[in-house]
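Here are a few exercises to help you find your way around a new structure. Try each task on your own, then read the worked solution.

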Amino acid sequence: MTAAGVTVVDHPVAQHKLTLLRRAATPPSLFRRTLRELGALLAYEALRDLPVAAVRIETPVAEMDASEIAQGTLAVVSILRAGNGLADGVSDLLPDAPVGHIGLRRDEATLKPERYYLNLPRGIGRARVLLVDPMLATGGSAADAIDQLRAAGVREIRFVCVLAAPEGLAHMAERHPDVPVVTAAIDSRLNEVGYIVPGLGDAGDRLYGTV
Ligand code: PRP
Ligand code: URA
């Protein structure tokens with residue numbers, strides 16, 4: 001984690017997958033599979049310092065003290081819709097982590113998030129939360145999702161995205177300076193309609209083929 005709390009995952013495999021996502025010619029089937037794979041890679045990096053518990057196990061050869069992620073340590077929360085594309089990859093990695101959903105849609109005129117759904121796992125206040133959404137544009141959606149997690153009693157949150165705009169990072173630093181951001185890239189800017197440039201377009205539409 002850098003001083004600003006932003007980690008750019010510049011691993012060649014992550015960057016290769018990001019390029020596939022960026023290409024306009026990538027069809028929804030490949031976009032979906034790649035977003036899922038990148039979700040696992042980004043989560044792996046974001047959870048580097050997750051605490052583990054000691055557990056006594058038997059290998060086929062001997063007893064030993066091993067490590068495991070205790071039940072209840074981690075929960076995943078997806079910002080609908082596009083967050084589900086990343087959350088599926090996190091679930092591939094950590095299938096026992098419960099998954100919550102926060103429904104937000106960005107108003108195309110004001111660029112402000114509108115709430116439409118909330119379903120969080122029981123006991124989420126005791127878990128560390130990995131909040132996932134591929135796009136951090138203005139930062140309004142991520143900041144609002146974090147407000148909702150805080151209201152549910154969550155103390156530790158990490159935000160994972162694929163692309164971050166400088167405007168979104170600034171918004172997060174102002175509203176939630178304690179939440180680390182893990183991303184595959186920081187792009188140049190937002191355009192006049194609030195899209196990340198060069199970006200990858202509308203993540204939800206590309207994921208679900210609703211372009
Ligand atoms: C997209 C994206 C983020 C949000 C980012 O979702 O997945 O949630 O926009 O923009 P912001 O940082 O300016 O808030 P959208 O609202 O288009 O919904 P969708 O995932 O259902 O397509
Ligand atoms: N939401 C997206 O899906 N893409 C952007 O570039 C900005 C917000």
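## Getting your bearings

Over residues 8-210 the chain is 34% helix and 28% strand, and the C-alpha atoms at the two ends of that stretch are 29 Å apart. Keep in mind that this is a predicted model. UniProt, in an unreviewed entry, lists residues 8-210 as "domain: Phosphoribosyltransferase".

## Exercise 1: two residues from the binding site

Task: UniProt has a "binding site" feature that includes Arg81 and Gly140; where does each of these two sit, and is it buried or partly exposed?

Solution:

- Start with the record. The unreviewed UniProt entry puts the feature at Arg81, Arg106, Asp133, Pro134, Met135, Leu136, Ala137, Thr138, Gly139, Gly140, Ser141 and Asp202.
- Now find Arg81. It's in the loop between strand 4 (74-80) and helix 3 (83-93).
- Count around Arg81. There are 18 C-beta neighbours inside 10 Å, so Arg81 counts as partly exposed. Leaving out residues up to four places away in sequence, Arg81 touches Gly204 and Tyr208.
- Move on to Gly140, which belongs to helix 4 (residues 140-151).
- Count again. Gly140 has 21 C-beta neighbours inside 10 Å, so this residue counts as buried; the cut-off for buried is 20 or more. With residues up to four places away in sequence set aside, Gly140 touches Leu111, Lys112, Pro113 and His171.

## Exercise 2: the ligand shells

Task: Which residues are closest to ligand 1, and which surround ligand 2?

Solution:

- Take ligand 1. Its shell holds 23 residues, and the closest are Arg106, Ala137, Thr138, Ser141 and Gly204.
- Ask where that shell comes from. Strand 4, strand 5, strand 8 (135-136), helix 4 and helix 6 each give at least two residues.
- Sort the shell around ligand 1 by class: 12 nonpolar, seven polar and four charged.
- Turn to ligand 2. Around it you'll find Met135, Ala137, Gly194, Tyr195, Ile196, Gly199, Asp202, Ala203 and Gly204.
- Sort those as well: the ligand 2 shell has five nonpolar, three polar and one charged.

## Exercise 3: following the strands

Task: How do strand 4 and strand 6 each pair with strand 5: parallel or antiparallel?

Solution:

- Look at strand 4 and strand 5 (99-106) together. They run parallel and are joined by five bridges. One pair to look for is Leu80 with Gly103 in strand 5.
- Next, take strand 5 with strand 6 (residues 113-119). This pairing is antiparallel and has six bridges. Here His101 stands opposite Asn119 in strand 6.
- Check the turn. The hairpin of strand 5 and strand 6 has six residues between the strands, and Leu111 takes a positive phi near 65° there.

## Exercise 4: what covers helix 3?

Task: How many of the residues of helix 3 are buried, and what covers them?

Solution:

- Count first. Nine of the 11 residues are buried, leaving helix 3 mostly covered.
- Name them: Gly83, Asn84, Gly85, Leu86, Ala87, Asp88, Gly89, Val90 and Ser91.
- Look for the cover. It includes helix 2 (28-46), strand 4, strand 5, strand 7 (128-132), strand 9 (157-160) and helix 6 (203-208).
- Zoom in on Val132, a residue of strand 7. It has 31 C-beta neighbours inside 10 Å, so Val132 counts as buried.
- List the contacts of Val132, skipping neighbours within four places in sequence: Gly39, Val76, Ser78, Gly83, Leu86, Ala87, Val90 and Val160.

## Exercise 5: the core and a loop beside strand 7

Task: Which residues have the most contacts inside the largest nonpolar core, and is Ala127 buried or exposed?

Solution:

- Begin with the core. It has 56 residues, and those with the most contacts inside it are Leu130, Leu131 and Val160. Helix 2 gives the largest share, six residues.
- Follow Leu130. Apart from neighbours within four places in sequence, Leu130 is in contact with Ala43, Ala46, Leu47, Leu74, Val76, Val90, Arg158 and Val160.
- Step to Ala127, in the loop between strand 6 and strand 7. It has 24 C-beta neighbours inside 10 Å, so Ala127 counts as buried even though it's in a loop.
- Finish with the contacts of Ala127, again without neighbours within four places: Gly72, Thr73, Leu74 and Ala75.

Conventions. Residues are numbered from 1 along each chain as its sequence is written. Chains are lettered from A and ligands numbered from 1 in the order in which they are written. This is a predicted model: local features need pLDDT of at least 70, side-chain atom pairs count only at pLDDT 80 or more; totals for chains, interfaces and linings use all residues. UniProt positions are given in the numbering used here, feature names are shortened, and annotations may be inferred rather than shown by experiment. Helices (H or I, at least four residues) and strands (E, at least two) are DSSP runs, numbered from the N terminus. A residue is buried if 20 or more other C-beta atoms lie within 10 Å of its own, exposed if 12 or fewer, and partly exposed in between; C-beta atoms are placed from the backbone. Two residues are in contact if their C-beta atoms, placed from the backbone, lie within 7 Å. A residue is near a molecule or strand if its C-beta atom, placed from the backbone, lies within 6 Å of it. Ala, Val, Leu, Ile, Met, Phe, Trp, Tyr, Cys and Pro count as nonpolar, Asp, Glu, Lys and Arg as charged, and the others, Gly among them, as polar. Two strands pair if DSSP finds at least two bridges between them. A nonpolar core is a set of buried Ala, Val, Leu, Ile, Met, Phe, Trp, Tyr and Cys residues joined through C-beta atoms within 7 Å.
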